[in-house]
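Please walk through the fold with attention to two topics, enclosed empty space and the pairing of strands, and keep the coordinates open while reading.

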Amino acid sequence: MSVPDSRRTFLRLAAAAGGVLALLPSRNARAAARTYTNPVVPRNFPDPAVLQHQGRYYAFGTTGQGRTADGRIFSVLVSSNLVDWRDAGGALVPPPGSDGLDFWAPEVVFHAGTFYMYYSRGGGAIAATVGHRLHVATSTLPQGPYTEVAQLNVPESKFTIDAHPFKDDDGQWYLFYARDFIDSDDGYFPGTGLAVDRLATMTTLAHQARTVLRARHPWTIFEANRRMPLYNNQVFAQWHTLEGPYVRRHAGKYYCFYSGANFLTDRYGVDFCVADSPLGPYSEAGGGAGARVLHAVPGHVRGPGHHSHAVGPDGKTEYLVYHAWNPQMTERQLCIDPLAWTAQGPRCLGPTYTPQPLPG
């Protein structure tokens, strides 16, 4: 990873100052303390999504079938700098009849005085027939509690996850999500791909969905010869995965970031596609060989991905907030690293595993 210009400049000045800096041990100690080292939250916190509201960051993470200490679903953390996080309990009040179901990938936005949380639920004992469906809950406070108010039905898919609400500059909201495609038409691989629909309201889809991106490259394979009970036990020679969409408008273009491949492997990471409008069509912009934005570092970082974006305390530096496995691969832990916009497209300045400058 290249050294950022700001850090390079600091190192040159430090070398030139020589003995002057040596006379200031207390300042050196304070400077050394102004760093962070990933993971910034060394406990299980998968699928992190960050809401920035009134000077605070709220991070929401998957709990699966689990419950937080207050009996709720989805863990909530609060921070003022993206590094020092405190536990804020659970977010979602368990909906009636949801015992034994999985709840995945919450994401929260604020609109017209209300906080909206989008997520999927399903699985458990009914996985073979029901799959996963998108839902939305609301709250008057960013940390919750949230109460489920609607299901967002995607009739063409039995498995729909990873909802990402995106507001365009004209005020229109869109919902990006991951869904199953079981055909192999036009050379695509069966598997989970990306789609988008306009939100007619914050709790209803327009049902004018369009495909954003489907798998067509070897690196995104999830599993070979995968048997799928959800589809009458059909066995797919290659099942691929694109998931975790997150959209960012930059320089007049719409970049849909996503995570690809099997989350347990060293192929898993973040790539992107780009379009001139939220509804596409999207181009891979030269991709296809692997995850370009964020990818594993052999021996140090495995499975970085399913991220969100956040602007740092300085109001301008953009960060990826993502999860990565601990060495034992028992927890997906919360990490952050800056995002750079390069001539080749967006690139994360990471994943890092050594001390880095504190945001802001």
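In this predicted model, the search for enclosed space, with a lower limit of 30 Å³, comes to two cavities. Rolling a probe the size of a water molecule over the atoms shows where empty space is left.

The largest cavity has a volume of about 90 Å³, and among the 14 residues that line it, Ala49, Glu107, Ala163, His306 and His307 are the closest to its centre. Several strands contribute to this wall: E7, E11 (160–167), E17 (234–250) and E20 (305–311) each supply at least two residues of the lining. By class, the lining of the largest cavity divides into seven nonpolar, four polar and three charged residues.

The second largest cavity holds about 40 Å³ of space. Its lining consists of Leu213, Arg214, Ala215, Arg216, His217, Trp219, Thr220, Leu242, Tyr258 and Glu284, and these residues divide into five nonpolar, two polar and three charged.

From the cavities the path leads on to the sheets. Strands of a sheet pair through backbone hydrogen bonds, either parallel or antiparallel.

One open sheet has four strands in the order E7-E8-E9-E10, with antiparallel pairing; its edge strands are E7 (102–111) and E10 (147–152), each of which pairs on one side only. Averaged over this sheet, and with direction ignored, neighbouring strands are turned by 25° against each other. Within the sheet, E7 and E8 (residues 114–122) pair in the antiparallel sense over eight bridges, and Glu107 stands opposite Tyr118 in E8. Glu107 thus links the two topics of this account, as a residue that stands opposite Tyr118 in the strand pairing and that is also one of those closest to the centre of the largest cavity.

Another open sheet of four strands runs in the order E3-E4-E5-E6, and here too the pairing is antiparallel. The strands at its edges, each pairing on one side only, are E3 (49–53) and E6 (85–92), and neighbouring strands of this sheet are turned by 25° against each other on average, direction ignored. Ala49, named above as one of the residues closest to the centre of the largest cavity, falls within the range of edge strand E3 (49–53). On the other edge, E6 pairs with E5 (residues 73–79) in the antiparallel sense over five bridges, and Ser75 has Gly90 in E6 as its bridge partner.

Note on methods: Residues numbered from 1 in each chain as written. Predicted model: local features only at pLDDT ≥ 70, side-chain atom pairs only at ≥ 80, totals over all residues. Heavy atoms only, no water. Pairing = 2+ DSSP bridges. Axes fitted to C-alpha atoms, helices over the stretch in contact; angles between N-to-C directions. 1 Å grid on protein atoms, 1.4 Å probe; cavity = no way out; pocket = protein on both sides within 12 Å on 5 of 7 lines; lining within 4 Å. Points joined across faces, edges and corners; volume = space filled by probe spheres on them. Nonpolar A, V, L, I, M, F, W, Y, C, P; charged D, E, K, R; others polar.
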